[in-house]
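I opened this model to take some notes for a first look. My entries follow in the order in which I looked things up.

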Amino acid sequence: MSKPKPLTGEQRIWQVCLMIPEGKVVSYGQLADLAGLPGRARLAGRAMRTVPEEMALPWYRVLGAGGRISLPKDSPGYREQQYRLRQEGVEVNGSRINMNRYQWQPDLAELLWQLPF
DNA sequence: ATTGTGACTTCGG
DNA sequence: GCCGAAGCCACAA
């Protein structure tokens, strides 16, 4: 049998992002942590920027620390993120989202069970 | 090889 | 709130 090629950091980030439930959000840093890559918030940001179009990833559920939309306020992406979040019931005030209410807090044991790594 | 650039985060002022 | 510095590291030049 061939050796299972280890997933790249970006791929692991994508895998976890795919599991964020509707109506919930995470921060870049949290996403990296959940992917087993502590301290790699920047990589999570990069992963969201380079998502393959065909892989319908809920990138809009990923926010900056403290619940802020990280995209430039005048960009189409910023408006799309606001729109998509609101579409699934997340309250958005400008670029702010209340993390106390919408942050995803997965059961770690269950998460581990689901992940392909 | 070195340098600059990020959808980042935390800390100190 | 806003800023700079530091820590992070893949990637392009």
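**DNA strand C.** I began with the residues around DNA strand C, and they are G39, R40, R42 and R46. The model is predicted, so I read each value as computed from a prediction. I then checked which part of the strand comes within 4 Å of the protein. Sugar and phosphate make up 88% of those atoms of DNA strand C.

I sorted the nearby surface by class. It has three charged residues, one polar residue and no nonpolar ones.

Next I looked up two contacts. In the side chain of R40, an N or O atom is 3.2 Å from a sugar or linking oxygen of DNA strand C. For R42, I found a polar side-chain atom 3.4 Å from a base oxygen of the strand.

**Helix α3.** I turned to helix α3, which spans residues 41-49. Which of its residues are buried? I noted L43, A44, A47 and M48. Their arc around the axis is only 140 degrees, so they sit on the same side of α3. I kept a general rule beside this entry. An α-helix has 3.6 residues a turn, so residues three or four places apart point the same way.

I then looked at the face turned away from the buried side of α3. The exposed residues R42 and R49 are there. R42 also turned up in my entry on DNA strand C, as one of the residues around it.

G45 is in α3 too. Is G45 buried or partly exposed? Its relative accessible area is 26%, and buried would need under 20%, so G45 counts as partly exposed. I also checked G45 against V62, 17 residues away along the chain. Their C-alpha atoms are 8.8 Å apart.

**Rings.** I searched for aromatic pairs and found one in the structure. It joins W59 and Y60, with ring centres 5.7 Å apart. The planes meet at 85 degrees, so I logged the pair as edge-to-face. The cut-off for that label is over 60 degrees. Both W59 and Y60 are buried.

Another ring went into the notebook. R12 lies over the face of F117, 4.1 Å from the ring centre.

**N93.** My last entry is on N93, in the loop between α4 (76-87) and α5 (99-102). N93 has 56% relative accessibility, so I wrote it down as exposed. How far is N93 from W113 in space? The two are 20 residues apart in sequence, and I noted 35 Å from C-alpha to C-alpha.

Conventions: Residues are numbered from 1 along each chain as its sequence is written. Chains are lettered from A and ligands numbered from 1 in the order in which they are written. This is a predicted model: local features need pLDDT of at least 70, side-chain atom pairs count only at pLDDT 80 or more; totals for chains, interfaces and linings use all residues. Side-chain values use heavy atoms; hydrogens and water are left out. A residue is near a molecule or strand if one of its heavy atoms lies within 4 Å of it. A polar contact is a pair of N or O atoms within 3.5 Å; within protein, one must be able to donate a hydrogen and the other to accept it, and residues adjacent in sequence count only if both atoms are side-chain atoms. Ala, Val, Leu, Ile, Met, Phe, Trp, Tyr, Cys and Pro count as nonpolar, Asp, Glu, Lys and Arg as charged, and the others, Gly among them, as polar. Rings of Phe, Tyr and Trp (its six-membered ring) pair if their centres lie within 6.5 Å; planes under 30 degrees apart count as stacked, over 60 as edge-to-face and the rest as tilted. Buried means under 20% relative accessible area, exposed over 50%, partly exposed in between (1.4 Å probe, protein chains only). A charge sits over a ring if NZ of Lys or CZ of Arg is within 6 Å of the ring centre and within 35 degrees of the ring normal. Helices (H or I, at least four residues) and strands (E, at least two) are DSSP runs, numbered from the N terminus. The arc is that of the directions from the helix axis to the C-beta atoms.
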